[in-house]
Every structure is written in C-alpha cells, then in structure tokens.
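Trainee: Could you take me through one part of this model in detail? I'd like a close look at the surface around one of the nucleic acid strands.

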There are 2 protein chains.
Amino acid sequence: MMGEMTLSLRRLRAWLRLLRLVRGLENQLREFLRVDYNTTLPRFDVAAALYRHDGPLKMSDLSKQLLVSNGNATSVVDRLEKEGKAKRVPLKEDKRVVLVELTTEGREWFSEIAKSHEKQVNKIFSGLTDQDLDQLRDLIRIVEITNRITESVNDEKNA
Amino acid sequence: MMGEMTLSLRRLRAWLRLLRLVRGLENQLREFLRVDYNTTLPRFDVAAALYRHDGPLKMSDLSKQLLVSNGNATSVVDRLEKEGKAKRVPLKEDKRVVLVELTTEGREWFSEIAKSHEKQVNKIFSGLTDQDLDQLRDLIRIVEITNRITESVNDEKNA
DNA sequence: GCTTAAAATTTTAAGCTTGAAATAAATTTT
DNA sequence: AAAATTTATTTCAAGCTTAAAATTTTAAGC
C-alpha cells in the first residue's frame, strides 16, 4: 500500500505541499518585515523591483514583474509615495505612461532592509547546499517552461 | 564571471524565483476557478481542507491548516456558509469551540471542482517526472524541517 | 466559590488584491 | 483629419488578509 499513486495525484500533492511551504515562509518574512522594519511584504516587493531596475520603471512593467494587477501596483505605489520612498515621474514622449522610481530616502531605506532580508532568507534556506540549489533551479525551470513564465520584464515578443 | 556567487545570494535568488513561479501558478488556478466555476481560491482552499478532514473541523485548526489568521478563516467560512456550502456546528463539551463542515451540497460542489482542479494541476506540472517529484519532495522536506513547518493539523506537542 | 488567567472565536480597522469600468492619450483606419 | 481602436493608468466595488481588540467560555489559583 502507498506505492499506488498516479503521477497526477503525486503532482497535486507536491503542489499542495509546495504552496503550504511557500505560505509559511512568506508568513515568516512578513512578520520579520513588520516587527523589525515596520513595513509590509507588498511594499518591500515593489521597492525591490524598483531598486533592482536600472532607472525608473513603467507602472505596467512593475505590475508585470510582480505578477499583480495594475490596480494593485497603483495602490502600493501610492503608499510608498506617501511615505516619501517612491515618486512618480511622467514620460514626456508618451503622456499615458507613468514611471516610478525610488527616492534617495527610499533607496537608502530599501538597501538597509535588503541586507537584513537576505540574511533572513539565507537562514530559512540554510539547509540547501549548492547542489540542492542546482536541483531546485532545474525543477523550477521545467515548470516555468511548461507554463511560459519568463524571468525578464521586457518580453514584448511574447504575443 | 557569474561563477562568483555566495551561497547566501544563490539562496535569495532561488527564493525570489520560486516565489514568482508560485504566484504565476496561483494566478492560473485563480483564473481557472473564476472562469470555469465562478469561485475563488480561498473558498476552494477552505472547502478542500474541510473535504479532506474526517468529520467537522475546529475553526482554529482550519486556520492553522491553511496558515492564515483566525479572522481570515472566519470571513471565508461566512461566505461559504451564505452560499450553503458549509455550516457551523457547536461543540457541546466546550461552548467556545466552533466546528465547521461541508454541507451535502458543498461536498458535491467541491468534489466536482476537485476533479477538474487535479487535471489542471497535472497539466501545470506535466513536465515533472516521478524522479523529479522525489527530488522536489526532498528539497521541500529540508526547508520544512529547517523551519519547523509540519504537515499535520494535530500537533499540540509543538510548544 | 471567586478571581484571574488562558483559550477560541469574532469583530474591527487598515491594508492588499482582483477584475471591471472609467479616463486619457496615442495609434490606426477610413 | 475625424472616427474608431488600442494602450496605459487609475478608480471602484467587492472580497481577501492581517493584527489587534473585544467577547465568550473554560481552566487555574487562591
């Protein structure tokens, strides 16, 4: 008994377990950001996307990058802007477009948290060796390819 | 170049990539539930927990199982109850406790969706073989152990 | 037995998130 | 060039989510 399991069911079980793991880890990181830095995951995520991008980012590219709706990006950027950590800048060539970037204060704030965040993540995944990370990368890649989830922001070609 | 990367940074990158993958897949499943069954992920998740549990489930065990707050469980159960898919039942021995279970309608509704949901998940992970799933299970287990995330609901011993 | 503390759930306020509708600007069609 | 379509963003309503406060009931200490 127990050897009898369809591949389909195994995949379902794996997904449920993965989902639960990721939620648990997200909860840990949410708690960490709240307690130690009085901020939230969405704000951190938006700041991270802005920090890592070279130059200001279009609202639409931001929401694509984070895989959230445009309305969501709007509301989180609103809050970061109120906190003085991000600012919107218009694009002269196309008045529909709104660009966002971190302010100097926002960059300093983020880079401070990011150091601590990396340590936290490193602790969470301290059980994974280089070889484990290779395996994980390969597994993720397989699923990404099956579902056409790409890493980069600029992929207009995908139509 | 590019060979130079600390283990800590590799772990961070892996986490960000995993998080993005899981979000993308959740978005797919959310869309599927919305379009094909006019329901939502949280309702499906609660129903799944109730369906899989043998007998009615305490509100607090439900939220522990799903790794969400008690208030969250309350609101989602409220909606399922309004839809006639779940119902609350009091526990005579302890009047503080509220148990929840699926109604007959709720069970039929869920089992219908669940079949289709499993097919959807199977498609999403169609690139993963049995061996891949073994690997994934091992990797998940390592991180679970590091972070003391257990699978079962009944673990009062964890104190 | 009374009081205090602990436990289970709900309520509340604030923020997050989605999907759809609205707005505004650019592009394409005629 | 006017009209129609497409694109970018915001607004909106509804639902999701959290953390903290409030409520109710049970258990523990005195």
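Mentor: Sure, let's start with the strand's side of things: of the atoms of DNA strand C within 4 Å of the protein, 81% belong to sugar or phosphate, and the rest to bases. Before going on, keep in mind that this is a predicted model, where local features need pLDDT of at least 70, side-chain atom pairs count only at pLDDT 80 or more, and totals for chains, interfaces and linings use all residues. Residues are numbered from 1 along each chain as its sequence is written, chains are lettered from A and ligands numbered from 1 in the order in which they are written, and side-chain values use heavy atoms, with hydrogens and water left out.

Now the protein side: 25 residues surround DNA strand C (near means that a heavy atom of the residue lies within 4 Å of the strand). The closest are A:Ser69, A:Arg79, B:Ser60, B:Thr74 and B:Val98. By type, the surface has 10 charged, nine polar and six nonpolar residues (Asp, Glu, Lys and Arg count as charged; Ala, Val, Leu, Ile, Met, Phe, Trp, Tyr, Cys and Pro as nonpolar; the others, Gly among them, as polar).

Helices from both chains supply at least two residues each, including H2 (41-52) of chain A and H3 (59-66) of chain B (helices are DSSP runs of H or I, at least four residues, numbered from the N terminus). H4(A) gives the largest share, four residues.

As for phosphate oxygens of DNA strand C, one is 2.9 Å from a polar backbone atom of A:Ser69. A:Asn72 uses a polar side-chain atom, at 3.3 Å, while B:Met59 has a backbone N or O atom at 3.5 Å (a polar contact here is a pair of N or O atoms within 3.5 Å).

Terms used:
A polar contact is a pair of N or O atoms within 3.5 Å; within protein, one must be able to donate a hydrogen and the other to accept it, and residues adjacent in sequence count only if both atoms are side-chain atoms.
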